[in-house]
Structures are given as structure tokens and as C-alpha cells.
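Here are my notes for you, written as numbered points. Have a look at the picture first, then read on.

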Amino acid sequence: MIVDGIRLITAAGLLVLGLFFEILAVFGVNRFHRALNRMHAAAMGDTLGIFFVLLGLMVIRGFSMDSLKLFLVVAFFWIASPVSGHMISRLEAMTDEELGEITVIRKELKTKEPKQ
């Protein structure tokens, strides 16, 4: 009985923490002006918010096949979200001429100069 209460309180805390990060991400996406800043806010809220929500659901369900499926969802999000965010931000940095402070580093082929 006491263990179930502790599990419920822990799961509720994790769900509220995940919801908090998701709400912060919404405000961050709407507040920032540059696309790269908005993407950073969305990525952090996406990663942390989903992690804590699914961790709370895992605590509620206990160790079962449902928890394994939720863990696989978290693993997929943690693999896919940074990769897609990096690709989109790189495209933004390469195509936006008004970024100002951000410098894009491009590989340039070095040619060997003949010795004199």
C-alpha cells in the first residue's frame, strides 16, 4: 500500500516535470526571433519533456513489456531528434544570409603550392 503511494507520487512528479518542460518549449518557440534559437528551445523541450513523461508512465506501469516499449520510444526520440535538428539547423545556417554572428565553416580543398 505504501509502495503504491510512493510509486504514484513519483510518477505524478515525473509527469508534471515533463509537462513543465513541454510548456517551457512552447514559450521558447514563440518568444525567440531567430530560427536557430527556436529550434534549440523546441529540441530541449522535446527531448526532456518526452523523457520525463515516458519515465513517469514507466514508473506507473512497473517493469513489464509496456515499459520496454516506452523505453524504445524514448530511445528512438533521443536518436532521431538531435539528428533531424542538426540537419535543419545546418540548412538554415547555410541558406540564411542575415544570421550575422554565426559563421558557417565549410571544408575547402587545399591545393599544394609548387616549391620554388
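1. Let's begin with one residue: which helix does serine 67 lie in? Serine 67 sits in helix H3. Keep in mind as you look around that this is a predicted model.

2. Is serine 67 buried or exposed? With a relative accessible area of 7%, serine 67 is buried, since buried means under 20%. Leaving aside residues up to four places away in sequence, serine 67 touches Met58, Arg61 and Gly62. Hold on to Met58, because that residue is also listed in the largest nonpolar core, and a core of this kind is by definition a set of buried residues.

3. Now step back to the whole chain. The protein has 3 helices and 0 strands, and reading along the sequence you get the pattern α-α-α. H1 covers residues 2-31, H2 covers 35-61 and H3 covers 65-95. Of the 116 residues, 18% count as buried.

4. How do H1 and H2 sit against each other? They pack at an angle of about 165°, and their axes are 8 Å apart. That angle makes H1 roughly antiparallel to H2, because anything over 145 degrees counts that way. As for handedness, H1 passes H2 in a left-handed crossing. If you sort the residues of this contact by class, you find 18 nonpolar, 6 polar and 4 charged.

5. The next pair is H2 and H3. Their axes come within 10 Å and cross at roughly 175°, so these two helices are also roughly antiparallel to each other. The contact of H2 with H3 has 15 nonpolar, 5 polar and 4 charged residues.

6. Which residues make up the largest nonpolar core? There are 5 of them: Ile50, Leu54, Met58, Leu70 and Val74. Helices H2 and H3 each supply at least two residues of this core, and H2 gives the most, with 3. As general background, nonpolar side chains in soluble globular proteins tend to be buried together.

7. Valine 74 is a good place to zoom in on that core. Not counting residues up to four places away in sequence, valine 74 touches Phe51, Leu54 and Met58. Leu54 and Met58 are listed in the core alongside valine 74.

8. Two more residues are worth finding, and the first is histidine 40, which lies in helix H2. Is histidine 40 buried or exposed? At 52% relative accessibility, histidine 40 counts as exposed, because the cut-off for that label is over 50%. Along the chain, histidine 40 and glycine 85 are 45 residues apart, yet their C-alpha atoms are separated by 8.1 Å.

9. The other is isoleucine 23, in helix H1. With a relative accessible area of 42%, isoleucine 23 is partly exposed, because that value falls between the limits of 20% and 50%. Isoleucine 23 and glycine 45 are 22 residues apart in sequence and 7.8 Å apart in space, C-alpha to C-alpha.

10. One last number goes with those pairs. Take the contacts in the protein with a separation of 6 or more: residues 24 or more positions apart account for 63% of them.

Notes:
Residues numbered from 1 in each chain as written. Predicted model: local features only at pLDDT ≥ 70, side-chain atom pairs only at ≥ 80, totals over all residues. Heavy atoms only, no water. Core = buried A, V, L, I, M, F, W, Y, C linked by side-chain atoms within 4.5 Å. Buried < 20%, exposed > 50% of the residue type's maximum accessible area, 1.4 Å probe, protein only. Helix = DSSP H or I, 4+ residues; strand = E, 2+ residues; numbered from the N terminus. Contact = heavy atoms within 4.5 Å. Axes fitted to C-alpha atoms, helices over the stretch in contact; angles between N-to-C directions. Parallel < 35°, antiparallel > 145°, perpendicular 65-115°, else oblique. Left-handed = near helix turned anticlockwise from the far one by under 90°. Nonpolar A, V, L, I, M, F, W, Y, C, P; charged D, E, K, R; others polar.
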